[in-house]
Amino acid sequence: EPLGGGLQIVFPLEEVYVERQTPYQHVLVAETYAYGRALFLDRLIQSAEADEVLYHEPLIHPGLVVHGQAKRVLVAGAGEGASLRELVRHVEVERILAVDLDPEVVAISREYLPSWHQGAFDDPRVVLRFEDIQTTLAGSAPAAWDVVVLDITDPVEEGPSLDLFTTKFFRSVERVLAEDGLVIMQAGEIDPSDTRIISTTLSTLRAVFPWVHLLNTFVPSFHCLWGIALAGKRPFEVDPSDLAERIAK
């Protein structure tokens with residue numbers, strides 16, 4: 001896997017559980033020696049058994065806690081179901097529409113990655129739909145969602161997410177977001193040798209949303225800091241006075 005700056009990472013595989021080329025991407029679930037079972041999409045690691053919580057918990061909880069009252073949540077990138085696993089912990093959430101372009105990735109994840117989703121796909125608040133997220137947004141009413149989670153793959157050439165890192169796409173997200181709504185987005189790696197993706201993502205978000213805040217988390221299997229962007233139509237207090245109570249809830 002290319003890391004940037006002329007560097008590469010090699011993941012020796014102990015056992016391959018499933019390898020498949022879907023109409024959208026190459027999917028691989030395998031046992032790695034370093035990080036346990038792992039999911040690769042288009043031969044890039046997406047999450048690993050040893051440290052996926054270091055990505056999925058900070059992807060979901062800071063934004064949901066900062067918002068505090070999210071009842072309607074749209075998720076782009078249902079994937080392995082780990083972001084849903086963290087979302088359903090929030091008792092205030094009443095409805096989650098989880099969208100994924102590739103039904104085969106979800107089917108593979110449900111079978112081979114049970115510790116990721118932990119049954120979250122079957123939570124009664126979750127509705128699972130297979131379609132392009134742009135179709136979902138076009139069919140949503142204005143201000144339909146309190147939180148929009150963009151857990152989408154990186155904008156690699158010929159990848160399924162290339163068109164989802166644009167001003168046009170973010171404007172379609174802004175249209176369906178409530179006035180006090182929040183966007184949560186995986187924003188790419190924070191690597192001094194290659195900041196193109198995260199710099200472009202942040203500047204594009206700022207062209208649409210007046211408030212953008214960057215979080216970072218270190219994920220060992222990614223071999224770098226990873227960026228998570230929060231964006232809203234208005235500023236959010238990232239350290240509210242009742243933060244401890246919100247987390248406890």
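Which strands does helix H7 (residues 196-206) lie across? Helix H7 lies across S11, S12 and S13, and runs at about 165 degrees to S11. Axes here are lines fitted to C-alpha atoms, for helices over the stretch in contact, and angles run from 0 to 180 degrees between N-to-C directions. Helices (H or I, at least four residues) and strands (E, at least two) are DSSP runs, numbered from the N terminus.

The structure is a predicted model, in which local features need pLDDT of at least 70 and side-chain atom pairs count only at pLDDT 80 or more, while totals for chains, interfaces and linings use all residues. Residues are numbered from 1 along each chain as its sequence is written, and side-chain values use heavy atoms, with hydrogens and water left out.

## Overall form

The protein chain contains 8 helices and 13 strands. Its radius of gyration is 17 Å, close to the 18 Å that the globule rule gives for 249 residues, so the chain is as compact as a globular protein of that length. The radius is taken over C-alpha atoms, and the globule rule is 2.2 Å times the number of residues to the power 0.38. Along its principal axes, the C-alpha trace spans about 50 × 40 × 35 Å.

Of the 249 residues, 54% count as buried. Buried means under 20% relative accessible area, exposed over 50%, and partly exposed in between (1.4 Å probe, protein chains only). The accessible surface of the chain comes to about 11,200 Å², of which 51% belongs to carbon and sulfur atoms; these areas come from the Shrake-Rupley method with a 1.4 Å probe, and for residues only the protein chains shown count as cover. Among contacts (heavy atoms within 4.5 Å) with a separation of 6 or more, residues 24 or more positions apart account for 65%.

## The seven-stranded sheet and its helices

An open sheet of 7 strands has the order S9-S8-S7-S10-S11-S13-S12, with mixed pairing. Strands S9 and S12 (211-219) are at the edges, each pairing on one side only. Neighbouring strands of this sheet are turned by 15 degrees against each other on average, direction ignored. Two strands pair if DSSP finds at least two bridges between them; S11 (residues 177-190) and S13 (residues 224-232) pair in the antiparallel sense over 8 bridges. Gly188 stands opposite Gly227 in S13.

Helix H1 (residues 53-67) lies across S10 (145-150), S11, S12 and S13, at about 155 degrees to S11. In helix H7, the buried residues are Ile198, Thr201, Leu202, Thr204 and Leu205. They cover an arc of only 165 degrees around the axis, which puts them on the same side of H7; the arc is that of the directions from the helix axis to the C-beta atoms. These buried residues pack against helix H6 (167-176), S11, S12 and S13. On the other side of H7, Arg196 and Arg206 are exposed.

## The four-stranded sheet

A further open sheet is formed by 4 strands in the order S3-S4-S5-S6, with antiparallel pairing. Strand S3 (13-21) and S6 stand at its edges with a single partner strand each, so one side of each is left without a neighbour in the sheet. The twist averages 25 degrees from one strand to the next. Helix H3 (residues 103-112) packs on this sheet, touching S3, S4 (26-32) and S5, and its direction makes about 150 degrees with that of S3. S5 and S6 run antiparallel and are joined by 4 bridges, and Phe40 stands opposite Ile45 in S6.

## Individual residues

Most residues other than glycine have a negative phi. Asp42 has a positive phi of about 50 degrees although it is not a glycine, and Gln118 likewise has a positive phi of about 50 degrees. The table gives the location and accessibility of selected residues.

| Residue | Location | Relative accessibility |
|---|---|---|
| Asp42 | loop between S5 (36-41) and S6 (44-48) | 30%, partly exposed |
| Gln118 | loop between H4 (114-117) and S9 (126-130) | 54%, exposed |
| Ser83 | H2 (residues 82-87) | 1%, buried |
| Asp151 | loop between S10 and H6 | 13%, buried |

Leaving aside residues up to four places away in sequence, Ser83 touches His56, Leu59, Ile60, Val75, Gly77 and Asp151. With the neighbours within four places again set aside, Asp151 is in contact with Tyr55, His56, Leu59, Ala76, Gly77, Ser83 and Gln186. Asp151 and Asp100 are 51 residues apart in sequence and 9.9 Å apart in space, C-alpha to C-alpha.
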